Amino acid sequence: MQITLKLFALLDRYLPDGAHKNQINITVADGATVMDVIQSVNLPAEHCHLVLVEGVYVAPSERDSRVMNEGEALAIWPPVAGG
Amino acid sequence: MSWAKRILRVNLTAGTCKEEPLNMEWANQYLGQRGLATKYLTEEIDPKVDPLSPDNKMIIATGPLTGTAASTSARWSVITKGALTGAIACSNSGGFFGAELKFAGWDMIIFEGKSPKPVYLLVQDDEAKLIDASNYWGRSVWETEKGLKAEHQDPQLRVASIGVAGEVGVKYAGVINDLHRAAGRSGVGTVMGSKNLKAIAVRGTLGVAVNDPEAFLKATNEAKAVLAENGVTGEGLSALGTQVLMNVINESGALPTRNHRDIQFESASDISGEAMLEPRRSDGKPNLTRNGACFGCTIACGRISTIDPTHYTVKDREQYQMASGGLEYEAAWALGAATGIKDIDALTFANFICNEQGFDPISFGATVGAAMELFEMGVITTKETDGLDLTWGNAEALTTLAELTGRGEGFGAEIGLGSKRLTEKYGHPELSMSVKGQEFPAYDARGIQGMGLTYATSNRGACHLRSYTVASEILGIPEKTDPLSSDGKAGLVIAFQDATGAVDSAGLCVFTTFAWSMDNIAPQIDAALEGDWSVERLLEIGERIWNLERKFNMDAGFTGKDDTLPKRLLKDAAKTGPAKGKVSELGKMLPEYYALRGWTPDGVPTNETLDRLVL
């Protein structure tokens, strides 16, 4: 199935070739979890501070169990803040 | 100790500068800067005074840590009754000016009265004098700072000044120091202009002593290590600055767009921190030239940017092709998402003009957004705008209006009124996205519930810097809470408000609190000052300051009815994103907040609360 992977800030280096404006549509296996996707692009888990699926926060303890659905967007940031 | 224990009182009407001792009893009760200056102001002015009357006063204040070796010790504030709001105003800035004032041996400057002609104040260590500013009146912040340094043959002179916006009465004019650092909000520059005070130029060589140097170095070094080792303050903020939030807040469904009609901006990525790093086609350089730091700062979040030299705003104007203070998140949002404009060079240019002429890009951009909605409705037309097409997303309209507003000319004079006065004038006050007359910053109260309560109760009008619950609700600092739930948000907002009051009053930057708790801050203050400064004492001071500001506003005529939000946020549900279908649950949070604050159901601090806080 297809999902959209968005890696922001200093994580853009982990995006597969072909990404545009910090995002790319990728194919993942049915039943893939958030952590499966993170590992598939060799993104160190410790860099994944803020993880959102469809804009909703996924806590570290839920990343192994939150299954991605067709068409969903997974967005990840390292530690960031502002104001 | 780190107080000079000296105040400079400048009577602009009489043209005098006098020294007086700092009231140490008040310093012990209110810490410094925001808290201490608010105490002075509330003791010295009638809360009902017209903000632009000579009877209003304007205080330049430092904190006990300003100018010391503590990280982020650059902070200073302007405290007055705000021209935009008629409420208590405390506008905080960084740069180098505040530390320089401390080096000159002054904790605070109180300006009173009104000069019969334009003047500037020159402070060189112990000496202070008012000097004719006729040559600078009508000139920009940038021209004024350059001119004063040349006139006094001192490139190390630090200058805080108003631009033409402050002279012509733009309601949200700011005081700009070090070219692009701003005490930007609430119209503190408008008050300065009303007093015929163009600038304050300071050179200090005396330094700042601390009470226990050994303990101070230990505390500040340990605290700096905490900043360096934290992912946000050690790396994230220096790399992308506050602008990293553009995509965060948009993805979270809380980016107010087109005057808060929408909650996500389809072009957010084009005006984001990431976009500022993208090499452009014309010269292969990115918008971001480098990061920058204020005095003593080990975070260095500032953005120094250049505009594409082929862009329409600067291609024939070489003076704007230099690197200068670039887009921070709040400005990029107001100039961009609030107006539907995705041209990052146009936003950068408008931001440059805000710095050059001294006015707040948040209130300016939000007011242009309100005008664009009025234009779309046909309430205003090209007849009122002098031919400007205020269609959503029109970059040229924004940049033209920035220049006109900065000079108070044409339709820019109306934009300079702020959104409340502008929309009232045209019969649609519901289109002003503001609280107490001050425009919202860049977080939608429907998508981040705590921010709705933050805005409604903010003593200086809508503001994110009085209680930045975004840290908890979106970023998970210090711990994650659900942005879509209003449960527990009253207590969260109060905790942020009280802690921020203490941080501001110390002379530190609130960005330290992404890494520091009060346990990191208290030892630094304790070593700098005489006496015992515990976390509990600092939080009590924060609460005291909050209630003092509240009391001033109530005496000025505000009531609990002013603790509200525009109907759009209370009635019109968010259309997209995680908050789809939600409105602000202010009606649930506000009574909880009043009760936890020890206020009546009408929002009035009880005598018991005031007695407990020694107010």
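User: Let's start with strands 13, 14 and 15 of chain B. What kind of sheet do they form, and in what order?

Analyst: This is a predicted model, so take everything here as computed. The three strands make an open sheet, ordered 13-14-15 in chain B, with antiparallel pairing.

User: What makes strand 13 and strand 15 of chain B edge strands?

Analyst: Strand 13 (288–292) and strand 15 (324–325) each have a single partner strand, so one side of each has no neighbour in the sheet.

User: How do you know that strand 13 of chain B pairs with strand 14 of chain B?

Analyst: Pairing takes at least two bridges, and four bridges join strand 13 to strand 14 (residues 302–305) of chain B. The two run antiparallel, and Arg290(B) sits opposite Ile304(B) in strand 14 of chain B.

User: Now the six-stranded sheet of chain B. In what order do its strands come, and which are at the edges?

Analyst: The order is 2-1-6-3-4-5 in an open sheet with mixed pairing. Strand 2 (16–21) and strand 5 (88–93) of chain B are the edge strands, as each pairs on one side only. Ignoring direction, neighbouring strands of this sheet are turned by 20° against each other on average.

User: How do you know that strand 4 of chain B and strand 5 of chain B are paired?

Analyst: Set the bridge count against the cut-off: at least two are needed, and strand 4 (residues 76–81) of chain B shares six with strand 5 of chain B, in the antiparallel sense. Along that pair, Thr80(B) stands opposite Ala89(B) in strand 5 of chain B.

User: What goes on in the hairpin of strand 7 of chain B and strand 8 of chain B?

Analyst: Two residues lie between the strands, and Asp125(B) takes a positive phi near 50°. Strand 7 (residues 119–124) and strand 8 (residues 127–132) of chain B pair antiparallel over six bridges, with Leu121(B) opposite Leu130(B) in strand 8 of chain B.

User: Why is helix 19 of chain B called roughly perpendicular to helix 20 of chain B?

Analyst: Helix 19 (residues 518–528) and helix 20 (residues 535–556) of chain B pack at about 95°, with axes 9 Å apart. Angles of 65 to 115 degrees count as roughly perpendicular, and that is how this pair is classed. The contact involves Met518(B), Asp519(B) and Ala522(B) from helix 19 of chain B, and Val535(B), Leu538(B) and Leu539(B) from helix 20 of chain B. By class that's five nonpolar, no polar and one charged.

User: Why is Gln156(B) called exposed?

Analyst: A residue is exposed with 12 or fewer other C-beta atoms within 10 Å; Gln156(B) has 12, so the label applies. Gln156(B) is in the loop between helix 4 (141–151) and strand 9 (158–161) of chain B. The C-alpha atoms of Gln156(B) and Gly531(B), 375 residues apart along the chain, are separated by 35 Å.

User: Which residues have the most contacts inside the largest nonpolar core?

Analyst: Ile59(B), Ala371(B) and Leu398(B), in a core of 224 residues. Leaving out neighbours within four places in sequence, Ala371(B) is in contact with Ile380(B), Leu390(B), Ile415(B) and Leu422(B).

User: And how many residues does each chain give to the contact of chain A with chain B?

Analyst: Chain A gives 21 residues and chain B gives 31. On the side of chain A, the elements giving two or more residues are strand 3 (50–53), strand 4 (56–57) and strand 5 (73–77) of chain A. That side has 14 nonpolar, five polar and two charged residues.

How values were computed:
Residues are numbered from 1 along each chain as its sequence is written. Chains are lettered from A and ligands numbered from 1 in the order in which they are written. This is a predicted model: local features need pLDDT of at least 70, side-chain atom pairs count only at pLDDT 80 or more; totals for chains, interfaces and linings use all residues. A nonpolar core is a set of buried Ala, Val, Leu, Ile, Met, Phe, Trp, Tyr and Cys residues joined through C-beta atoms within 7 Å. A residue is buried if 20 or more other C-beta atoms lie within 10 Å of its own, exposed if 12 or fewer, and partly exposed in between; C-beta atoms are placed from the backbone. Two residues are in contact if their C-beta atoms, placed from the backbone, lie within 7 Å. Ala, Val, Leu, Ile, Met, Phe, Trp, Tyr, Cys and Pro count as nonpolar, Asp, Glu, Lys and Arg as charged, and the others, Gly among them, as polar. Axes are lines fitted to C-alpha atoms, for helices over the stretch in contact, and angles run from 0 to 180 degrees between N-to-C directions. Angles under 35 degrees count as roughly parallel, over 145 as roughly antiparallel, 65 to 115 as roughly perpendicular and the rest as oblique.
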